[in-house]
Amino acid sequence: MASVVLLAGAGGCRRQPDSDATRWESLPPVDARDLRPLDVFQRIEDPAQRSRALFLETSRVYLHPRCSNCHPDGDSPYQDSGETLHNPPVTRGPEDKGVVGMECAGCHQEKNLELARVPGAPNWHVAPRSMSWVGKSPRELCEQLKDSKRNGGKTLEQLVEHNAHDELVAWGWAPGSGRQPAPGTQAQFGALVAAWVATGAQCPSEEARP
Amino acid sequence: MSIRVRVNGVEQELDVDPEMPLLWALRDVLGLTGTKYGCGQALCGACSVHLDGQVVRACVTPIRRADGREVTTIEGLSPDGGHPLQRAWVELGVPQCGFCQSGQLMCAAALLAKKPQPTDADIDQSLAGNLCRCGTYTRIRAAVKKAAGVPDSK
């Protein structure tokens, strides 16, 4: 009997076709290694819908393992494809740079170390817990990035600047040692984030996926 | 390229490739073989030394990073082997094969310098990157607590 009630409830909640997804499908396909160029989003006439599509495109970078591995859902970063925890087993520590004896800088330096495949970039650290986004949907991530309490205290303009020029963010496209880089380029990513902000920083529906 | 580095209190000028791992310079150039080569990829902790007091894995630290800085190895932890950790290590008979022990001691020394009264969790987190294939972890933890004067309830 309970299952009948549940089924009836589910039927009553059936959603209308997702307009964001429909708009998304109108965009040209793109290789997993690339980002769609900014101009293709101009074919979406409604600025709010364009903004949502732009965010979905940028979510392919935010949620790529090169970026999300160090925005973990716990106190240890991930590595590789995002399915394994960092080895050796580090913890974030009080300043998100490890604990004494196991600081990030004990191994990670200013640039990639090809000799031993240790990745490196300036200011290597794990994102604060408030900036965790592993396991979140694009919409959840979008809402988080607009919340200064959960985006590192940034305005949207500062968020654009950070994504477009930060040196640690830049590592995502030059990870070295055969690691798969984030899609596209940092310049493309920065331009897409800027366009998202310029179109009102709209967030996609919960179900929308890139 | 000439690298100037102070190792265990002694100024050294090394004419080596700046990309040479610090571990190579310590062991092969300076003859300080107390620091061990384990994995060569910063995964085991056997090569842990202090760079200006901070623990680094010498196997992945190019010697250029140490230029103008102070390196401390197990040979320089104390002048006579009398560091509280070294005494506790002997009293509790911590090592088995001993290969990992200099790395364990250097990490533990950095921990106690920053947290003189560490909890079990502090010890476990700070030494999590120092592997011991003999499995002496319980004795390592007990010795760190003994050196710190923290009662070991076990």
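Start with chain B of this predicted model and pick out domain 1 and domain 2: their centres, taken over C-alpha atoms, are 21 Å apart. To colour them separately, use residues 2-76 for domain 1 of chain B and 84-148 for domain 2 of chain B.

Now look at where those two domains meet. Domain 1 of chain B puts 13 residues into the contact, and domain 2 of chain B puts in twelve. Select residues 48-51 of chain B next: that's strand S3, and its three residues are the largest share of the side of domain 1 that touches domain 2. What kinds of residues make up that side of domain 1 of chain B? You'll find six nonpolar, six polar and one charged.

Next, bring chain A into view. Its contact with chain B involves 16 residues of chain A and 21 residues of chain B. On the chain A side, nine of the residues are nonpolar, five are polar and two are charged.

For a close-up, click on B:Ala128. You'll land in the loop of chain B that links helix H4 (120-126) with helix H5 (137-148). Show its neighbours across the chains: B:Ala128 touches A:Pro88, A:Pro89 and A:Met102. Is B:Ala128 buried or partly exposed? It counts as partly exposed, because 18 other C-beta atoms lie within 10 Å and buried would take 20 or more.

Last stop: keep B:Ala128 selected and add B:Leu32. Draw a line from C-alpha to C-alpha and it spans 25 Å, with the two residues 96 apart in sequence.

Note on methods:
Residues are numbered from 1 along each chain as its sequence is written. Chains are lettered from A and ligands numbered from 1 in the order in which they are written. This is a predicted model: local features need pLDDT of at least 70, side-chain atom pairs count only at pLDDT 80 or more; totals for chains, interfaces and linings use all residues. Two residues are in contact if their C-beta atoms, placed from the backbone, lie within 7 Å. Ala, Val, Leu, Ile, Met, Phe, Trp, Tyr, Cys and Pro count as nonpolar, Asp, Glu, Lys and Arg as charged, and the others, Gly among them, as polar. Helices (H or I, at least four residues) and strands (E, at least two) are DSSP runs, numbered from the N terminus. A residue is buried if 20 or more other C-beta atoms lie within 10 Å of its own, exposed if 12 or fewer, and partly exposed in between; C-beta atoms are placed from the backbone. Domain bounds come from an automatic or database domain assignment. Lists of a residue's contacts leave out its neighbours within four places in sequence.
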